[in-house]
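Thanks for coming. I will put one model on the screen and go through its backbone and a few of its residues.

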Amino acid sequence: MLDSLPGWARLGVLFVLGVGAALGQAPLDLWPATIAALALLLVLHRDVASPRIAAWRVWFFGLGYFAFALRWIIEPFLVDAARHGWMAPFALVFMACGAALFWAVAGWIASRIAPRSQLMLALLLVASEMARSLVLTGFPWALLGHIWVPTWMAQASAIGGPHLLTGVTLVAALAVARIVRPAWRSGAATLLALLLVAILLRPGAAPQIAADAPMVRLVQPNAPQHQKWDAIYRDQFVNRLVALSGQGDRPDLIVWPETAVPYLLNEVIDDLRPLDEAARGAPLVFGVQRVDGAGRFYNALVVMELGGRITATYDKQHLVPFGEYIPFGDLLGRFGMRGLAAADGGGFAAGTLPGPIAIPGIGLAVPLICYEGIFAEEIVTGPDRPRLLLLITNDGWFGQAAGPHQHLAQARLRAIEQGLPMVRVGNTGISAMIDARGRITAALPLGVDGALDAPLPAVRAAPPYTALGDWPVGLLLLLGIAICAINRKRDSD
């Protein structure tokens, strides 16, 4: 099908198809475009003559996908454009090329083991997405399964997590590809089965929230990232947080975003009176940086109770590579290379104590700081069932376009997978109350300051994913790949 085109045109077509596949990601949410583009990739795979050609084709498709889906990556480098702006295009190209390499390896192996097998390529693309989530600390952003977040199909993540949703994506694409060439009956049957599954997964109407449900105040200061740490502005943003927290009736819990207090905790811990007066006895959760006795910096979440007492501290454990730390940062810092959000040349240190943490009057909360909310397999709930997921973030780094919406979409999946409501508070938005089915019950939009009082939704029974994790999907993938390999001489497609 592509053989009649010049070489550059073939690769250009694949790149454009990849961009089309990325249209299913937030905020566009055009998931049928993702299915159609992947289906065309599978159709074209039947004409591939060698593993090398297969790898190049899939790589260019992935390059288009990730270049568009991860376009927000340039935003952090533009916060201090004079210093970091030159790195923005390199960062996007590097991330898109690297992520697409996982898919290219899948294309090469698929063509090597089972030439022209659409099923083998589909299975290995799911496996490559799992690998992308884990290798080199992992980056499970814009997974193919994320296209289902605004649909009923998202509820399947309670069974098998985000990688089950990726599997559903490739099954749907494979079904469409079979309709195109030439097994239309099996393809139509598969699509009908997926439709029935989606209907069965429909969560139904949101349950009535109990009258005595805790009232949570989400406080969004909307501090622009380039001003957030500026000595001229930072007290203004703290005063804004204090004023928004102290208005109206006292809630049961107040939550501020990541690094809401633009000082080291060590500098202010002895005088938190303004925060205590604003909280009026309610527990206050806020983000702040701190340094320990050994001089290590941490990105922390703390719980403050009546009297300005800090009763719980959680240090971020999964840090952003090249953002919050750089390998050999102390050495490279001498040459001007630092993480974008790092406190010194070596960046932040990773915390070692997992949650949950206790929130007075509420119960146990699973603390998550920004980037940690994208790792489904790393959420630790402990032996006792928590009351909520508590995510604080500073999406001011991501600009106003795709990044914050994609980050929010992943937060909704975490709520579904754990069967827990989530309180999500961002510096510039989107702050939201999310129920245990991933539905947004209340939200503050991007780019505004304000406070929102929302009742905390109920907890669901622990879904299968909380006990089984990604193992079932992984084992099914291995089984499917093994069957395809055993029958590699048979063109079963």
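Which residues does histidine 163 touch, not counting residues up to four places away in sequence? Before I answer, two remarks on where this comes from. This is a predicted model, in which local features need pLDDT of at least 70 and side-chain atom pairs count only at pLDDT 80 or more, while totals for chains, interfaces and linings use all residues. Residues are numbered from 1 along each chain as its sequence is written, and side-chain values use heavy atoms, with hydrogens and water left out.

Now the answer. Histidine 163 touches Val126, Glu129, Met130, Ser133, Leu143, Asp470 and Val473. Contact here means heavy atoms within 4.5 Å. The residue sits in helix 8, residues 157-180. Helices (H or I, at least four residues) and strands (E, at least two) are DSSP runs, numbered from the N terminus. Histidine 163 has a relative accessible area of 4%, so it is buried. The cut-offs are under 20% relative accessible area for buried, over 50% for exposed, and partly exposed in between, with a 1.4 Å probe and protein chains only.

Next, the whole chain. The protein has 17 helices and 13 strands. What radius of gyration does the protein have, and what would a compact globule have? The protein has 24 Å, which agrees with the value near 23 Å for a compact globule, because the chain has 493 residues. That radius is taken over C-alpha atoms, and the globule rule is 2.2 Å times the number of residues to the power 0.38. Along the principal axes, the C-alpha atoms fill a box of roughly 75 × 55 × 35 Å.

Of the 493 residues, 56% are buried. The exposed surface of the protein is about 20,700 Å², and carbon and sulfur atoms supply 65% of it. These areas come from the Shrake-Rupley method with a 1.4 Å probe; for residues, only the protein chains shown count as cover. If we take contacts between residues at least 6 apart in sequence, 68% of them join residues at least 24 apart.

On charges, there are 37 positive and 35 negative ones, and their mean positions are 12 Å apart. Lys and Arg count as positive and Asp and Glu as negative, with His and the chain ends not counted. Each charge is placed at NZ of Lys, CZ of Arg, CG of Asp or CD of Glu.

One helix in some detail. Helix 3, residues 51-69, has 19 residues and reaches 26 Å from its first C-alpha to its last, close to the 27 Å expected at 1.5 Å a residue. The expected span is 1.5 Å times one less than the number of residues. Helix 3 is mostly covered, with 14 of its 19 residues buried.

Then a strand residue. Valine 288 lies in strand 4, residues 284-291. Its relative accessible area is 0%, so valine 288 is buried. Leaving out residues up to four places away in sequence, valine 288 touches several residues, among them Thr259, Val261, Tyr263, Tyr298 and Val302.

Isoleucine 209 is a loop case, between helix 9 (184-200) and strand 1 (215-220). With a relative accessible area of 31%, isoleucine 209 is partly exposed. Its C-alpha is 5.9 Å from that of proline 457, although the two are 248 residues apart along the chain. Leaving aside neighbours within four places in sequence, isoleucine 209 is in contact with Pro455, Leu456 and Pro457.

Last, the backbone geometry. Most residues other than glycine have a negative phi, and most peptide bonds are trans. Two bonds to look at are cis: alanine 26 to proline 27, with omega near 5°, and glycine 429 to isoleucine 430, with omega near 0°. Proline 27 is in the loop between helix 1 (7-22) and helix 2 (31-45). Isoleucine 430 is in the loop between strand 10 (422-426) and strand 11 (431-434).

Phenylalanine 322 is not a glycine, yet has a positive phi of about 65°. Is phenylalanine 322 buried or exposed? Its relative accessible area is 53%, so phenylalanine 322 is exposed. Cysteine 370 also has a positive phi, about 50°, and is not a glycine. Cysteine 370 is in the loop between strand 8 (363-369) and strand 9 (388-393), and at 8% relative accessibility counts as buried.
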